[in-house]
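Thanks for coming, everyone. Please bring up the structure on your screens, and we will walk through it strand by strand.

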Amino acid sequence: MKTVLLDFGRNNSICDLKMKEMKQVLEEAGVQCVFVKIGEVKGCTGCGKCWKKRRCVIEDEVNLCADAMHDSDGLILGFESYYGRCEEDVMRFVKRLFHSASDVLDHKLFSCVIEGRRTESAFFEAGQYMMESHMCLYVPDEFGKAEKIKSRRGELILLLRCHERAVQDGILRKDPYVCPFERFVR
């Protein structure tokens, strides 16, 4: 089992510490983790080349994440939510990842570790793109509570094992599936 953890938090912030704890908890359970610290993210230029290449022309963490998602079973975002919304960096990253690598995200597990108030709306703001990619959303009962990370571990690992088993049994495809028709009208 392999999971990609994306940390948008500042260094040594509460979000950063929660993501490091999540990585430690998952690795103790035998899940291989790819931990990526995300810095400043550029926005989409609207060039449309990602539709043909299936890769963003801006070489940064978005393509690194897309490459890591090829053989992973899940994606976990960690970010701070101010005023109940996703920050601009998070949404720029999610939009670019969705448009350039939505075929790689198909039927993978998606969850968030969010620090802040009214985190449910921030989760669903980021999750709307992931649902369009046919990702399985894991909605934790309490988003911002640090003590819930260890209690969520069992549920998250069970879902990752179910995904891995479905791929082994041929129920889900491990390789990216390119849809024969476009999902969106341009």
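Let's start with strand β1. In this predicted model, 6 of the 6 residues of β1 are buried, so the strand is largely enclosed by the rest of the structure. Look at which way the side chains go. Lys-2, Val-4 and Leu-6 point one way. Thr-3, Leu-5 and Asp-7 point the other way. On both sides, these residues are buried.

Which strands pair with β1? One is β2, and the two run in the parallel sense over 6 bridges. To find your place, look for Leu-5, which stands opposite Phe-35 in β2. Between these strands the chain passes through a helix: β1, α1 and β2 make a right-handed β-α-β unit.

β1 also pairs with β3. Here 5 bridges join the strands, and again they run parallel. Val-4 stands opposite Leu-75 in β3.

Next stop, β4. This strand covers residues 109-116, and 6 of its 8 residues are buried, so β4 too is largely enclosed by the rest of the structure.

How many bridges join β3 to β4? There are 8, and the strands run parallel. Leu-77 has Cys-112 in β4 as its bridge partner. The connection goes over helix α4, residues 88-105, and β3, α4 and β4 make a right-handed β-α-β unit.

On to β5, residues 136-137. It is joined to β4 by 2 bridges, and the two strands run parallel. Leu-109 stands opposite Cys-136 in β5. Helix α5, residues 119-132, completes another right-handed β-α-β unit with β4 and β5.

Now the aromatic rings. A search of the whole structure finds 3 aromatic pairs. Take Phe-8 and Phe-93. Their rings are edge-to-face, 5.4 Å centre to centre, with 80° between the planes. Where do they sit? Phe-8 is in the loop between β1 and α1, while Phe-93 is in helix α4. That is 85 residues apart, so to speak a link between distant parts of the chain. Both Phe-8 and Phe-93 are buried.

Compare that with Phe-110 and Phe-123. Their ring centres are 5.9 Å apart and their planes are at 25°, so this pair is stacked. The cut-off for stacked is under 30 degrees. Phe-110 lies in strand β4 and Phe-123 in helix α5, so the pair ties together parts that are 13 residues apart in sequence. Both of these residues are buried as well. Add Phe-124, and Phe-110, Phe-123 and Phe-124 form one aromatic cluster.

Let's turn to charges. The structure holds 13 salt bridges. I will show you three of them.

Start with Lys-37 and Asp-7. Their side chains meet in a salt bridge, 3.3 Å from N to O. Lys-37 is in strand β2 and Asp-7 is in strand β1, 30 residues apart. Are the two partners buried or exposed? Lys-37 is partly exposed, with a relative accessible area of 31%. Asp-7, at 0% relative accessibility, counts as buried. The cut-off for buried is under 20%.

Next, Arg-55 and Asp-67. The closest N and O atoms of this salt bridge are 2.9 Å apart. Arg-55 sits in the loop between α2 and α3, and Asp-67 sits in helix α3, 12 residues apart. Arg-55 counts as partly exposed at 29% relative accessibility. Asp-67 counts as partly exposed at 39%.

Then Glu-125 and Arg-85. Their side chains meet at 2.8 Å, N to O. Glu-125 is in helix α5, and Arg-85 is in the loop between β3 and α4, 40 residues apart. At 14% relative accessibility, Glu-125 counts as buried.

Some salt bridges share partners. In that way Asp-7, Asp-16, Lys-20 and Lys-37 are joined into one network.

Last topic: empty space. Rolling a probe the size of a water molecule over the atoms shows where empty space is left. The second largest pocket holds about 180 Å³ of space. Which residues line the second largest pocket? Among them are Phe-8, Gly-9, Arg-10, Phe-79, Glu-80, Asp-89 and Val-90. The elements that give two or more residues to this lining are β3 and α4. Notice Phe-8 there: it is in the lining, and we met it earlier in the edge-to-face pair with Phe-93.

That's my tour. Over to you for questions.

Conventions. Residues numbered from 1 in each chain as written. Predicted model: local features only at pLDDT ≥ 70, side-chain atom pairs only at ≥ 80, totals over all residues. Heavy atoms only, no water. Buried < 20%, exposed > 50% of the residue type's maximum accessible area, 1.4 Å probe, protein only. Helix = DSSP H or I, 4+ residues; strand = E, 2+ residues; numbered from the N terminus. Pairing = 2+ DSSP bridges. Right-handed = clockwise from strand over helix to strand, strands pointing away. Phe/Tyr/Trp six-rings, centres within 6.5 Å; stacked < 30°, edge-to-face > 60°. Salt bridge = Lys/Arg side-chain N within 4 Å of Asp/Glu carboxyl O. 1 Å grid on protein atoms, 1.4 Å probe; cavity = no way out; pocket = protein on both sides within 12 Å on 5 of 7 lines; lining within 4 Å. Points joined across faces, edges and corners; volume = space filled by probe spheres on them.
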